[in-house]
Amino acid sequence: MYGPKYTPGWSMMTETERTEHRTKMQSFTHKADCQAYVAEHHAQMAERMKQQGGQPLAQPRRDPCANLKP
């Protein structure tokens, strides 16, 4: 699932970034790779939010990597 309810920082991403994020998330087959990407993405979006003077970035509502192989 993707969108403003599921992806922290969604509103700060361009349409191109959203498409790239969705494609990247769909490409993962191993949990560790997915988790590393999610952590990096979250850090980038938190930094954008901080620069814009917004609220702290929320945590994802669910683990987007939960269904992948370890």
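These questions and answers cover the disulfide and the largest pocket of a predicted model.

Biologist: What are the ground rules here?
Modeller: Residues are numbered from 1 along each chain as its sequence is written, and side-chain values use heavy atoms, with hydrogens and water left out. Local features need pLDDT of at least 70, side-chain atom pairs count only at pLDDT 80 or more, and totals for chains, interfaces and linings use all residues.

Biologist: Which cysteines form a disulfide?
Modeller: A disulfide is a pair of cysteine sulfur atoms within 2.5 Å. Here the sulfur atoms are 2.1 Å apart, and the pair is Cys34 and Cys65.

Biologist: Is that disulfide left-handed or right-handed?
Modeller: The torsion about the S-S bond of Cys34 and Cys65 is about -75 degrees. The disulfide is therefore left-handed.

Biologist: How many residues apart in sequence are the parts that the pair ties together?
Modeller: Cys34 lies in helix α2 (helices are DSSP runs of H or I, at least four residues, numbered from the N terminus). Cys65 lies in the segment after α2, so the parts tied together are apart by 31 residues.

Biologist: Are Cys34 and Cys65 buried or exposed?
Modeller: Buried means under 20% relative accessible area, exposed over 50%, with a 1.4 Å probe and protein chains only. Cys34 and Cys65 are both buried.

Biologist: Which helix gives the most to the lining of the largest pocket?
Modeller: A pocket is an open set of points on a 1 Å grid where a 1.4 Å probe fits, with protein on both sides within 12 Å along at least five of seven lines; lining residues have an atom within 4 Å of a point. α1 (15-27) and α2 (31-51) each supply at least two lining residues. With three residues, the top contributor is α2.
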